[in-house]
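Okay, thanks for letting me have the slot. I'll put the model up and then walk you through the contacts, the surface and the helix.

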Amino acid sequence: MDITDEKHLIQNIILILLLLTLLFSLLFAVAGNFFAGQAMKPIQKAFQTQRKFVSDASHELRTP
């Protein structure tokens, strides 16, 4: 009994699944990076505000 066609079908399915795994892994990595950047924006803004406040307060304390 010849099972060559079934063997090629299984190999093609495995190849497609591997390619889809790589594609979705890259897609999720890019999406994760984007959403992490969006989540960091308020933290970065708060840090810059704090840094400006400390700089202004330091300047006011040094000069009368």
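Let's begin with the aromatics: there are two aromatic pairs here. The rule is that rings of Phe, Tyr and Trp (for Trp, its six-membered ring) pair if their centres lie within 6.5 Å, and planes under 30 degrees apart are stacked, over 60 edge-to-face, and the rest tilted. One of them is Phe-34 with Phe-35, which is edge-to-face, with 5.3 Å centre to centre and 65 degrees between the planes.

Before I go on, some housekeeping: this is a predicted model, where local features need pLDDT of at least 70 and side-chain atom pairs count only at pLDDT 80 or more, while totals for chains, interfaces and linings use all residues. Residues are numbered from 1 along each chain as its sequence is written, and side-chain values use heavy atoms, with hydrogens and water left out.

Back to that pair. Are Phe-34 and Phe-35 buried or exposed? The cut-offs are under 20% relative accessible area for buried, over 50% for exposed, and partly exposed in between, with a 1.4 Å probe and protein chains only. Phe-34 comes out at 48%, so it's partly exposed. Phe-35 is at 56%, so that one counts as exposed.

Now the helix, α1, which covers residues 4-62. Helices here are DSSP runs of H or I with at least four residues, strands are runs of E with at least two, and numbering goes from the N terminus. α1 has 59 residues and spans 85 Å from first C-alpha to last, close to the 87 Å expected at 1.5 Å a residue. That expected span is 1.5 Å times one less than the number of residues.

Where does α1 kink? At Met-40, by about 30 degrees, shortly before the proline Pro-42. The bend at a residue is the angle between axes fitted to the seven residues ending there and the seven starting there.

Next, the greasy bit. Leu-9, Ile-13, Ile-16, Leu-17, Leu-20, Leu-23, Phe-24, Leu-27 and Phe-28 make a nonpolar surface patch of about 890 Å². Patch residues need over 30% relative accessible area and no salt bridge; nonpolar side chains (Val, Leu, Ile, Met, Phe, Trp, Tyr) are joined within 5 Å, like charges within 9 Å. The areas come from Shrake-Rupley with a 1.4 Å probe, and for residues only the protein chains shown count as cover.

Take two members of the patch. Leu-20 sits in α1 and is partly exposed, given its 37% relative accessibility. Ile-16 is in α1 too, and it's partly exposed at 49%. From the C-alpha of Ile-16 to that of Asp-2, 14 residues away along the chain, is 23 Å.

How many salt bridges do we have? Just one, where a salt bridge means a side-chain nitrogen of Lys or Arg within 4 Å of a carboxyl oxygen of Asp or Glu. Lys-52 and Asp-56 form it, with their closest N and O atoms 3.2 Å apart. These two are four residues apart in α1, so about one helical turn separates them. Lys-52 is exposed at 52%, whereas Asp-56 is partly exposed at 39%.

Last, a few distances. Ile-3 is in the segment before α1 and is exposed, at 53%. Its C-alpha is 47 Å from that of Phe-34, 31 residues along the chain. Leu-18 lies in α1 and is exposed at 52%; its C-alpha is 23 Å from that of Ile-3, with their positions 15 residues apart in the chain numbering. Ile-14, in α1 as well, is partly exposed at 46%. The C-alpha atoms of Ile-14 and Phe-53, 39 residues apart along the chain, are 58 Å from each other.
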